[in-house]
Amino acid sequence: ASEDKKEHVQEFKLDPDSELRFEVESKGEKVFLILKAGFAEVFGTELVKGKQYEFTAGAKIAVFSWQGCTVELKGKTDVSYVARETPMVIYCNCHAALEDMRCDAEKENKRGPIAMLVGPCDVGKSTVCRILLNYAVRMGRRPLFVDLDVGQGQISVPGTIGALLIERPASLDEGFSQEAPLVYNFGHKTPQLNSTLFNMLFTQLANSVKEKIETNKKTKASGVIINTCGWVKGEGYKHLIQAAKAFEVDVILVLDQERLYNELVRDMPNFIKVVFLPKSGGVVERSQSARAESRDQRIREYFYGTPKNSAYPHSFDIKWSEIKIFKIGGPALPDSCLPLGMKAEDHLTKVVALTPNPGMLHHLLAVSYATKEDEELILSHVAGFVCVTNIDTERQILTLLSPQPKPLPNNLLVLSELQFMDSH
Ligand code: ATP
């Protein structure tokens with residue numbers, strides 16, 4: 001076995017401005033990264049010399065060095081190579097420009113830059129957000145991170161949008177610390193499935209973010225970084241324009257796609273800076289199944305934590321009479337069947353009460369902060385999520401998996417389309 005291990009130790013010497021890229025694919029495989037000499041960072045988070053960092057299946061990592069370094073990889077990687085061409089200098093300039101805006105904002109006690117990252121799928125939007133946030137927080141800033149990517153977002157579980165105050169750099173393996181995020185439940189994995197609702201929710205989030213930013217002087221000057229999803233055509237493009245307006249963005253960073261860049265230059269008012277950024281050659285395209293797997297993993301981590309920080313969720317029964325379950329959006333009716341004065345889109349934001357039924361098995365339920373059973377259920381942010389692990393129709397009991405013990409913080413729950421098979 002020791003020989004086996006020896007075989008899998010690789011040492012890399014990185015010149016200044018180059019990066020080591022590696023991927024861990026095989027399930028159950030672990031890869032360890034150690035910085036031996038010099039300085040290096042992973043997506044903007046500095047490595048500590050001599051510390052062993054662990055990566056598991058699904059990890060796609062770039063270790064970048066401004067000054068040059070030596071790193072060691074232990075374990076079986078599926079890909080590992082050193083790249084000399086990276087867009088890091090451009091991303092760093094972008095950070096410097098945002099930093100200038102923050103300094104100006106600070107002097108005049110004004111709001112710092114609100115920047116939105118846009119671009120098609122798999123161009124590294126989330127990664128660039130992470131780099132910019134890490135650089136900001138390393139300079140002592142406290143920016144807000146907003147994630148509008150309902151499919152592959154970095155806040156809470158998939159099917160949500162939200163905001164998170166960034167107070168320290170992302171951890172290499174676990175990302176940003178998820179303390180008290182502001183989360184809204186959308187309930188679908190792509191915005192296409194209910195555009196009207198998506199629009200309502202990000203507008204609501206934008207209003208909350210504007211309030212939040214005013215309450216903290218440091219955050220106000222630090223500004224906001226907004227991640228979006230890769231749907232940039234047709235209705236998706238309209239969402240981007242509406243989000244830019246709702247969040248009152250100052251800067252739009254367009255990754256990779258010149259067509260999108262040109263459209264935005266054409267359609268945005270002059271006071272919004274639209275900037276083109278090249279994508280990194282290291283960004284890995286993910287298949288539909290890889291995306292589904294990463295959604296699944298995010299939900300698993302929500303309940304069970306990560307290998308480094310495991311969590312112990314609770315499982316408990318609850319009587320149907322103790323809770324009320326709703327869904328947002330009723331079945332579409334043809335125009336001729338609509339009550340007078342109702343528009344066809346109205347059904348998309350209808351609050352429908354549901355009786356627990358076997359179809360809910362494995363679904364996530366959002367625990368709402370709403371106090372009334374009306375529109376408030378749509379626009380309230382959520383306390384968190386539980387998962388339905390059993391339904392006993394005879395005894396009228398639901399079994400829930402929950403990060404918190406009983407009782408639930410509220411008895412109003414909203415059904416999400418996202419599912420999780422609890423295999424623990
Ligand atoms: P989506 O289509 O989900 O919106 P995205 O545009 O946000 O994707 P990312 O999630 O940032 O893209 O990147 C896709 C994958 O590529 C991630 O797993 C990320 O870790 C990896 N990645 C990004 N940059 C690099 C790099 N320079 N070297 C190696 N891997 C990278």
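Q: How many residues surround the ligand, and which are the closest?
A: In this predicted model, 21 residues surround the ligand. The closest are Lys60, Asp122, Ser126, Thr127 and Arg286.

Q: OK, polar contacts next. What does Gly124 do there?
A: Gly124 uses its backbone: a polar backbone atom of Gly124 is 2.9 Å from an oxygen atom of the ligand.

Q: And which ligand atom does the Ser280 side chain lie by?
A: A nitrogen atom of the ligand, with a polar side-chain atom of Ser280 lying 3.1 Å from that nitrogen.

Q: What about Arg291?
A: Arg291 has a polar side-chain atom 2.9 Å from an oxygen atom of the ligand.

Q: Switching to helices. How do H2 and H3 cross?
A: H2 covers residues 88-107 and H3 covers residues 125-138; their axes come within 10 Å and cross at roughly 50°. H2 and H3 are therefore oblique to each other.

Q: Left-handed or right-handed?
A: H2 passes H3 in a right-handed crossing.

Q: Which residues meet there?
A: From H2, you have Met88, Tyr91, Cys92, His95, Leu98 and Arg102. They meet Val128, Ile131, Leu132, Tyr135 and Ala136 in H3. By class, that contact of H2 with H3 has nine nonpolar residues, one polar and one charged.

Q: Now H4 and H6: what's the angle?
A: Roughly 20°, with the axes of H4 (residues 195-215) and H6 (residues 235-246) coming within 9 Å.

Q: Why call H4 and H6 roughly parallel?
A: Because angles under 35 degrees count as roughly parallel, and H4 and H6 cross at roughly 20°. H4 passes H6 in a right-handed crossing.

Q: And who makes the contact?
A: On the H4 side, Ser195, Phe198, Asn199, Phe202, Thr203, Ala206 and Lys210. H6 brings Glu235, His239, Gln242, Ala243 and Ala246.

Q: How does the contact of H4 with H6 split by class?
A: Five nonpolar, five polar and two charged residues.

Q: Backbone oddities now. Where's the cis peptide bond?
A: The cis bond joins Lys406 and Pro407, with omega about 0°. Pro407 is in the loop between strand S22 (397-402) and strand S23 (412-419).

Q: What about phi at Ser156?
A: Ser156 has a positive phi of about 55°, although this residue is not a glycine. Ser156 sits in the loop between strand S11 (144-147) and strand S12 (160-165).

Q: Why flag those two?
A: Because most residues other than glycine have a negative phi, and most peptide bonds are trans.

Definitions and conventions
Residues are numbered from 1 along each chain as its sequence is written. This is a predicted model: local features need pLDDT of at least 70, side-chain atom pairs count only at pLDDT 80 or more; totals for chains, interfaces and linings use all residues. Side-chain values use heavy atoms; hydrogens and water are left out. Axes are lines fitted to C-alpha atoms, for helices over the stretch in contact, and angles run from 0 to 180 degrees between N-to-C directions. Helices (H or I, at least four residues) and strands (E, at least two) are DSSP runs, numbered from the N terminus. A crossing is left-handed if the near helix is turned anticlockwise from the far one by less than a right angle, and right-handed if clockwise. Contact means heavy atoms within 4.5 Å. Ala, Val, Leu, Ile, Met, Phe, Trp, Tyr, Cys and Pro count as nonpolar, Asp, Glu, Lys and Arg as charged, and the others, Gly among them, as polar. A residue is near a molecule or strand if one of its heavy atoms lies within 4 Å of it. A polar contact is a pair of N or O atoms within 3.5 Å; within protein, one must be able to donate a hydrogen and the other to accept it, and residues adjacent in sequence count only if both atoms are side-chain atoms. Angles under 35 degrees count as roughly parallel, over 145 as roughly antiparallel, 65 to 115 as roughly perpendicular and the rest as oblique.
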